Amino acid sequence: MKLSRPSTQAPDALRDTFRAVRAASLELAAPLSAEDQCIQSMPDASPTKWHLAHTTWFFETVLLQPHASGYRPFDPRFQYLFNSYYEALGPRHPRPQRGLLTRPSVDEVHAYRAHVDAGVERLLDTVDAAAWDEVAAVLTLGLHHEQQHQELLLTDILHALSCNPLLPAYRAAGGPALRLATVAPEMHWRAQSGGHLEIGHEGQGFAFDNETPRHRVLLRPYAIADRLVNCGDYAQFIADGGYQRPELWLSDGWAAVQSQGWRAPAYWLAPDDPRLGLAGGAPAAVGWQLFGLHGVRPLAHEAPVAQLSFYEAAAYAEWAGARLPTEFEWEAACADAGMGEMTGHVWQWTRSSYDPYPGFRPLPGVAAEYNGKFMVGQLVLRGGSVATPAGHTRPSYRNFFPPAARWQFSGLRLAKDL
C-alpha cells in the first residue's frame with residue numbers, strides 16, 4: 001500500500017511515538033475491570049477490550065503482514081474477530097455483537113498487543129532505507145488510528161457506565177467537586193470578512209485523506225461566537241421549554257425528541273432522578289447533576305455543554321436567534337486570535353454535511369476504506385474534546401457522526417450572517 005503522505009518523523013522519534021501511543025491505550029483501560037472491558041452498551045459503541053485488540057489488528061494486518069518478512073500472526077482467528085469494516089480483508093464478526101466476545105480474555109488481548117508490538121519493533125530495526133517511507137507512513141496512520149480509538153474507548157465506556165443505575169465513575173476524581181463562584185465570560189461575536197479562502201490541510205505533517213485536497217471556498221461575511229455554548233446557557237433553553245417547542249426543531253430532530261424522550265442532554269440528571277440516591281448522593285439533589293468520567297458531579301454552568309446531538313445543537317441555535325457555523329467558517333475562524341475554546345473541550349457540530357472535497361481521492365489499497373465510504377448521511381464536527389489525545393487534532397481535522405449521535409463529547413458554537 002502506497003500512502004501519499006509519509007511520516008516526517010525520524011526512525012527513533014517514530015519508535016518513541018509508537019511506544020507512547022501504545023502505552024497510553026493500556027493506561028486508559030487500567031481503571032476498568034475485566035467485566036467493564038467486555039461490555040457493549042449499544043451497537044454504535046465497542047467494548048474496551050475490542051478497542052485494544054482492533055488497534056493491534058490494524059498494525060498486524062496493515063503493517064506487519066505486508067512489510068515484515070517472516071512475521072507470524074499471533075492467532076489467525078483474530079483476523080476475523082477484530083476487523084472493523086474493511087471489506088477488502090474479508091468477513092468479520094458482526095459489529096453489534098462485539099460484546100459477546102467474552103473470549104479471548106483481557107489477558108490474551110494484552111498478550112496479542114505485546115506480540116504485535118515486538119513485531120513492530122523488529123520491523124523498525126530491520127527496515128531498509130528504500131522501504132522506510134512507506135513503512136513510516138503506514139505506521140503513522142496506525143498511530144493516529146489508535147488515538148481515535150483512545151477517544152472512543154472513553155466515550156464508549158462512559159455510555160456503558162451511564163446505563164448502570166449505580167452510575168459508577170470511570171476514574172475517581174482527585175477530590176470533591178468544588179463549587180466555586182466561577183462566572184462564564186460573556187459571549188462576544190467575532191466578525192469575519194469572508195471572501196475567497198483556502199480550506200483543508202496545508203500539506204505539512206500528517207493528515208487524514210478526508211482533509212484534502214486543499215481548495216478555495218467563497219464565504220459570505222459572517223460572525224462567530226468567541227466561546228462555546230455552556231451548560232448555563234443551555235439550561236436557559238431547557239427552562240424556556242426548548243424540548244417542548246416543535247417550531248425550534250428540524251423535523252427529524254423533533255421526531256427523535258418524541259421517540260427517545262429527550263428532555264436534556266445525555267447524562268444530565270434532574271434533581272429528582274432516583275439514580276442519584278443509588279449513586280451515593282442525596283436522594284433529592286439541588287439543581288441539575290451531570291454524570292461524567294468522574295461520576296456524578298454538580299452541573300458546572302460555566303462548562304461547555306456536551307453530549308448533544310446535531311438536532312439539539314441546531315434547535316438551541318434557532319432558539320438563540322443564530323445558527324451553526326459551516327465547517328469552512330469554523331476553520332477560517334481559527335486564524336482569528338480572539339477566538340476561544342476552539343479545541344480540547346467539545347467537538348463542535350457544524351451545519352456541513354460530511355462530503356468529499358473537490359478532487360478528493362481516498363488513499364490507495366486497504367486504507368481507501370478508512371474515510372471515503374462514510375461520506376453520506378453524516379454531519380461534520382470540528383475542534384476536539386476533553387477525550388481527544390493531546391496533539392491529535394489540527395484546524396483542518398474533520399470528525400463526523402450521524403445527526404442523532406449524542407454519546408460523544410459534542411457541543412456547539414453559534415454563528416450568524418452579517
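## A walk through the strands, rings and pockets

Let's start with a pair of strands: β6 and β7 run antiparallel to each other and are joined by four bridges. Keep in mind along the way that this is a predicted model. The two strands make a hairpin, with two residues between them. If you want a spot to look at, find leucine 290, which sits opposite arginine 297 in β7.

That hairpin belongs to something wider. Add β5 and you get an open sheet of three strands, in the order β5-β6-β7, with antiparallel pairing. The edges are taken by β5 (268–269) and β7 (295–298); each has a single partner strand, so one side of each has no neighbour in the sheet. On the β5 side, two bridges connect β5 to β6 (residues 289–292), and the two strands run antiparallel. Here leucine 269 has glutamine 289 of β6 as its bridge partner. As a rule of thumb, side chains in a regular strand alternate between the two faces of the sheet.

Further along the chain there is another open sheet, this one of four strands, in the order β10-β9-β8-β11 and with mixed pairing. Its edge strands are β10 and β11 (410–411), each of which pairs on one side only. Between β9 and β10 the pairing is antiparallel, over three bridges. Look there for leucine 379, which stands opposite phenylalanine 401 in β10.

Now for the aromatic rings. How many aromatic pairs does a search of the whole structure find? The search turns up 33. One of them brings together phenylalanine 74 and tyrosine 112, a tilted pair with 5.5 Å from centre to centre and 35 degrees between the planes. Phenylalanine 74 lies in the loop between α3 (48–67) and α4 (78–81), while tyrosine 112 is in helix α5 (residues 106–126), so this pair ties together parts that are 38 residues apart in sequence. Are the two partners buried or exposed? Tyrosine 112 counts as buried because its relative accessibility is 0%, whereas phenylalanine 74, at 32%, counts as partly exposed.

Another pair is made by tyrosine 85 and phenylalanine 374, this time edge-to-face, at 4.8 Å centre to centre and with 85 degrees between the planes. It links distant parts of the chain: tyrosine 85 is in the loop between α4 and α5, phenylalanine 374 is in the loop between β8 (347–353) and β9 (379–382), and they are 289 residues apart. Tyrosine 85 is partly exposed, with a relative accessible area of 25%, and phenylalanine 374 is partly exposed too, with 22%.

Those two rings also have company. Ring pairs join Tyr85 and Phe374 into a cluster with Phe18, Trp57, Phe58, Phe59, Tyr86, Tyr354 and Phe400. There is also a charge to spot over a ring elsewhere: arginine 98 lies over the face of tryptophan 50, at 3.6 Å from the ring centre.

Next, the empty space. The largest pocket has a volume of about 840 Å³. It is lined by 31 residues, and the closest to its centre are Tyr85, Arg95, Leu152, Phe400 and Phe401. You have already met Tyr85 and Phe400 in the ring cluster. The elements that give two or more residues to this pocket's lining are α3, α6 (129–162) and β10 (399–401). Which of them gives the most? That's α6, with six residues.

There are closed spaces as well: three cavities of 30 Å³ or more. The second largest cavity holds about 50 Å³ of space. Its lining includes Ile39, Gln40, Ser41, Pro47 and Thr48, along with Leu153, Asp156, Ile157 and Ala160. Helix α6 turns up again, as it gives the largest share of this lining, four residues.

Last stop, the cysteines. Why does cysteine 163 form no disulfide? The closest cysteine sulfur, in cysteine 38, is 15 Å away from the sulfur of cysteine 163, which is too far for a bond, because a disulfide calls for sulfur atoms within 2.5 Å. Across the structure, the count of disulfides comes to zero. As for cysteine 334, its relative accessible area of 28% makes it partly exposed.

How values were computed:
Residues are numbered from 1 along each chain as its sequence is written. This is a predicted model: local features need pLDDT of at least 70, side-chain atom pairs count only at pLDDT 80 or more; totals for chains, interfaces and linings use all residues. Side-chain values use heavy atoms; hydrogens and water are left out. Buried means under 20% relative accessible area, exposed over 50%, partly exposed in between (1.4 Å probe, protein chains only). Two strands pair if DSSP finds at least two bridges between them. Rings of Phe, Tyr and Trp (its six-membered ring) pair if their centres lie within 6.5 Å; planes under 30 degrees apart count as stacked, over 60 as edge-to-face and the rest as tilted. A charge sits over a ring if NZ of Lys or CZ of Arg is within 6 Å of the ring centre and within 35 degrees of the ring normal. On a 1 Å grid over the protein atoms alone, a cavity is a set of points where a 1.4 Å probe fits but cannot get out, and a pocket is an open set with protein on both sides within 12 Å along at least five of seven lines; lining residues have an atom within 4 Å of a point. Grid points are joined across faces, edges and corners, and a volume is the space filled by probe spheres set on the points.
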